[in-house]
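User: Please pick one part of this model and look at it closely. Start from the overall order of elements, then set the chosen part against its surroundings.

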Amino acid sequence: MHIFANPNRFLAIARPLTPWLGWTGALLLAAALASGLMLTPADYLQGESVRIMYVHVPAAWLGMAGWSGIAAASLMQLVWRHPLAGVAARAIAVPGALFTAICLATGSIWGRPTWGTWWEWDGRLTSMLVLFFLYIAYLALAGADDERGQQGSRIAAIFGLVGAVNIPVIHYSVLWWRTLHQGQSITLKGSAIDMSILWPLPIAMLGFTLLFAAIVLIRMRTLLAEAKVEARLKRMAAA
């Protein structure tokens with residue numbers, strides 16, 4: 001990873017990669033959502049509401065994957081002092097929080113006709129809500145880095161590592177507690193979802209993931225540009 005430690009080397013790769021990731025992700029997502037809405041049948045129990053999974057499942061995956069990325073970047077920042085690690089963690093936080101919010105919103109929309117309620121203090125829902133609050137807290141800490149300097153950046157990185165404890169709680173919540181949320185429908189052993197409904201989901205997950213990656217690269221480039229401008233202004237003020 002240290003090959004990308006130089007910001008100029010990173011930017012030389014990120015600039016051409018960003019539109020490829022963004023447009024490929026958008027095309028895959030459009031194809032998956034169109035297929036999910038028009039080509040797949042309604043579920044025999046859930047009816048048309050089953051189609052929410054083409055957004056809900058990728059959003060849940062990216063909410064958890066986003067914090068996993070923050071934790072990995074925080075570890076690199078604290079242990080190996082990778083110069084771009086803190087930038088990467090801050091860039092991941094906003095889209096991670098956004099997809100977590102989408103997961104919660106679509107889960108509530110699905111829960112109303114299925115469970116008869118918009119919200120239930122269910123293990124999976126509650127732990128996902130905690131993840132959203134963790135994102136908000138991380139953004140607040142990262143936003144205060146400029147005032148606290150290096151010490152503030154280390155505090156945000158430590159918080160990013162500690163918050164990762166919630167990821168296995170989310171994953172195993174449907175196994176650890178009696179819960180309204182359905183169990184794991186897709187495992188390494190197979191899927192409980194019929195293939196006639198399932199097949200657009202991997203396409204949607206890939207499309208959302210590529211879009212997520214493009215957003216992260218855009219934010220990293222923006223943060224690096226802001227830091228460069230700020231450093232130049234400080235040099236001009238000192239002169």
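Analyst: Read along the sequence, the protein runs α-α-α-α-α-α-α-β-β-α-α, with nine helices and two strands (DSSP runs numbered from the N terminus, H or I of at least four residues for a helix and E of at least two for a strand). This is a predicted model, in which local features need pLDDT of at least 70 and side-chain atom pairs count only at pLDDT 80 or more, while totals for chains, interfaces and linings use all residues. Residues are numbered from 1 along each chain as its sequence is written, and side-chain values use heavy atoms, with hydrogens and water left out.

The part chosen here is the loop between H1 and H2, which holds Arg51. Glu48 and Arg51 form a salt bridge, with their closest N and O atoms 2.6 Å apart (a side-chain nitrogen of Lys or Arg within 4 Å of a carboxyl oxygen of Asp or Glu). A search of the whole structure finds one salt bridge. Side chains of opposite charge can pair when their charged atoms come close. Arg51 counts as buried because its relative accessible area is 14% (buried is under 20%, exposed over 50%, partly exposed in between, with a 1.4 Å probe and protein chains only). Apart from neighbours within four places in sequence, Arg51 is in contact with Gly36, Leu37, Thr40, Pro41 and Ala42 (contact means heavy atoms within 4.5 Å).

One of these contacts, Leu37, leads to the surface. Leu37, Met38, Leu39, Met195 and Trp199 make a nonpolar surface patch of about 600 Å². Patches are made of residues with over 30% relative accessible area and no salt bridge, with like charges joined within 9 Å and nonpolar side chains (Val, Leu, Ile, Met, Phe, Trp, Tyr) within 5 Å. Met38 belongs to helix H1, residues 7–38, and is exposed because its relative accessibility is 65%.

On the other side of the loop in sequence is H2. With 28 residues, H2 reaches 39 Å from its first C-alpha to its last, close to the 40 Å expected at 1.5 Å a residue (the expected span is 1.5 Å times one less than the number of residues). Just after H2, Arg81 takes a positive phi of about 55°, although Arg81 is not a glycine. Most residues other than glycine have a negative phi. Arg81 is in the loop between helix H2 (53–80) and H3 and, at 56% relative accessibility, counts as exposed.

Further along, Ser108 is in helix H3, residues 85–115. Its relative accessibility is 14%, so Ser108 counts as buried. A polar atom of the Ser108 side chain is 3.1 Å from the backbone oxygen of Trp118. Such a polar contact is a pair of N or O atoms within 3.5 Å; within protein, one must be able to donate a hydrogen and the other to accept it, and residues adjacent in sequence count only if both atoms are side-chain atoms. Setting aside neighbours within four places in sequence, Ser108 is in contact with Thr117, Trp118 and Trp119.

Helix H4 (residues 123–143) follows in the numbering. Asp122 caps its N-terminal end, with a side-chain oxygen 2.8 Å from the backbone nitrogen of Arg124. H4 has 21 residues and spans 30 Å from first C-alpha to last, close to the 30 Å expected at 1.5 Å a residue. Its buried residues include Leu125, Met128, Leu131, Leu134, Tyr135 and Tyr138. An α-helix has 3.6 residues a turn, so residues three or four places apart point the same way.

Helix H9 (residues 200–238) contains Val216 and Ala214. Ala214 is buried at 4% relative accessibility and touches Thr18, Leu21 and Gly22, not counting residues up to four places away in sequence. Ala214 and Pro19 are 195 residues apart in sequence, with their C-alpha atoms 7.2 Å apart. Val216 is also buried, with a relative accessible area of 10%. Val216 touches Ala91, Ile92 and Pro95, again not counting residues up to four places away, and its C-alpha is 7.4 Å from that of Pro95, 121 residues away along the chain.

For the protein as a whole, among contacts between residues at least 6 apart in sequence, 76% join residues at least 24 apart. Of its 239 residues, 42% count as buried. The accessible surface comes to about 13,200 Å², with 69% of it belonging to carbon and sulfur atoms (Shrake-Rupley method, 1.4 Å probe; for residues, only the protein chains shown count as cover).
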